[in-house]
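Open the model in a viewer and keep the sequence panel beside it. The tour below goes from one selection to the next and says what is found at each stop.

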Amino acid sequence: MARTGGSSGRHAGVDPELLWARPERPRRGRPPAHDRAAITAEAVALADAEGLAAVTMRAVAGRIGAGTMSLYSYVPNKETLLELMIDHVSGDHRLPSGPSGDWRADLRQLAHEQRALMHRHPWLPGALPAQRTIGPNTLAVWEYTLAALAPAGLDARARLETFSLLTGFVSSHVLYELAQERAIGAGDAAGGLLDAQARHLRSAAAAGNLPHLAQALEETSGDPAPQAVFDRLLDRMINGLTAAT
């Protein structure tokens, strides 16, 4: 999972060829006590439990029972660790072995899977903009999406851009959903703030000089469940892609 386009720069110390083509440097003497896969899995578990800010080299080293400095012999810096984490969870995409031939249905399935993945790893939507190098699991998702979009008649560049648009939409929407969940889970104070915001909007609309807002608020009162909202917005986006083809 990654966005295409944007800055072509890389994090300092993240060399894609060293990271992915030669992920483990050969060592002399005793076999290494740890490996990057185990270190990455612990970092992902820590981020899942406590958020991305909790993922420090010291904290991850503590989880695997290693000294902080020894961790740098496996992962040179936190930026590299983040690249490994993003690609690690990209391997959790539950996609079929190949596209169905119905590119719209395949895009919907991919978007639902992306949303589920981001809810399982709530730090992921916020981490994606920092991704600068693409690992094997992410490449597999790219390849699946490019193949799924082949029947749409788009050229290769447009298919990559479509994948980027889809991922950006899902990521942005999940960030909103997670913020809503945190507000609800925070209890009365946050709930009261949300109620106050709703009252403010209704009051502003009732003044009479915002007729379009008033209509929108009336039609969206009692909005359906989050899944239904996501599906409605996703269909609107895919319909837009259809019009573009």
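Begin with helix α6 in this predicted model. Its 18 residues should span 26 Å at 1.5 Å a residue, and the end C-alpha atoms are 25 Å apart, so the expected and modelled lengths agree. Colour the helix by burial: W103, D106, L107, L110, A111, E113, Q114, R115, L117 and M118 are the buried residues in α6.

**The whole chain**

Zoom out to the cartoon. The chain has 12 helices and 0 strands, so a DSSP colouring shows helices as its regular elements, with a run of at least four residues needed for each. Of the 245 residues, 34% are buried. Among contacts with a separation of 6 or more, 74% are between residues 24 or more positions apart.

**From R115 to the ring of F230**

Go back to α6 and select R115, one of its buried residues. Which ring does the charged end of R115 sit over? The ring is that of F230, and the charged end is 5.0 Å from its centre.

Keep F230 selected and add F169. These two form a stacked aromatic pair, with 5.7 Å from centre to centre and 20° between the planes. F169 belongs to helix α9 and F230 to helix α12, so the pair ties together parts that lie 61 residues apart in sequence. Are the two rings buried or exposed? F169 is buried at a relative accessible area of 17%; F230, at 0%, counts as buried too. The cut-off for buried is under 20%.

**The second aromatic pair**

The structure holds 2 aromatic pairs. For the other, select W142 and F163: the arrangement is edge-to-face, with 6.4 Å between centres and 75° between planes. W142 sits in helix α8 and F163 in helix α9, 21 residues apart. F163 has 1% relative accessibility and therefore counts as buried. W142, at 18%, also counts as buried, because the limit is under 20%.

**R159, also in α9**

Select R159, which lies in helix α9. Measure from its C-alpha to that of W142: the two are 9.6 Å apart in space and 17 residues apart in sequence. R159 counts as buried, at 19% relative accessibility. Where does its side chain reach? It reaches the backbone oxygen of L146, at 2.9 Å. Leaving out residues up to four places away in sequence, R159 touches L146, L149, A150 and L154.

**Helix α5**

Move to α5. With 13 residues at 1.5 Å each, α5 should span 18 Å, and its end C-alpha atoms are 18 Å apart, which agrees. At the N-terminal end, look at N77: this residue caps the helix, with a side-chain oxygen 3.4 Å from the backbone nitrogen of E79.

How many residues of α5 are buried? The number is 10 of 13, so the helix is mostly covered, buried being under 20% relative accessible area. They are T80, L81, L82, E83, L84, M85, I86, D87, V89 and S90. Show the surrounding helices to see what they pack against: α1 (16–21), α2, α3, α6, α7 and α8.

**M85 and the nonpolar core**

Within α5, select M85 and display its surroundings. Apart from neighbours within four places in sequence, M85 is in contact with T40, A43, V44, A47, L52, V55 and W123.

M85 is also among the residues with the most contacts inside the largest nonpolar core, together with I39, V55, V60, L81, W123 and L124. That core has 47 residues. Two or more of them come from each of α2 (36–50), α3 (57–64), α5 (78–90), α6 (103–120), α7 (124–127), α8 (136–149), α9 (156–185) and α12 (226–244). In soluble globular proteins, nonpolar side chains tend to be buried together.

**Last stop: T133**

Follow the chain to the loop between α7 and α8, where T133 is found. T133 is buried, with a relative accessible area of 3%. Its side chain makes a polar contact of 3.2 Å with the side chain of W20. Beyond residues up to four places away in sequence, T133 touches V14, P16, L19, W20 and E83. E83 leads back to α5, where it is one of the buried residues.

Conventions: Residues numbered from 1 in each chain as written. Predicted model: local features only at pLDDT ≥ 70, side-chain atom pairs only at ≥ 80, totals over all residues. Heavy atoms only, no water. Core = buried A, V, L, I, M, F, W, Y, C linked by side-chain atoms within 4.5 Å. Buried < 20%, exposed > 50% of the residue type's maximum accessible area, 1.4 Å probe, protein only. Contact = heavy atoms within 4.5 Å. Phe/Tyr/Trp six-rings, centres within 6.5 Å; stacked < 30°, edge-to-face > 60°. Lys NZ or Arg CZ within 6 Å of the ring centre and 35° of its normal. Expected span 1.5 Å × (residues − 1). Polar contact = N/O pair within 3.5 Å; in protein donor to acceptor, adjacent residues only side chain to side chain.
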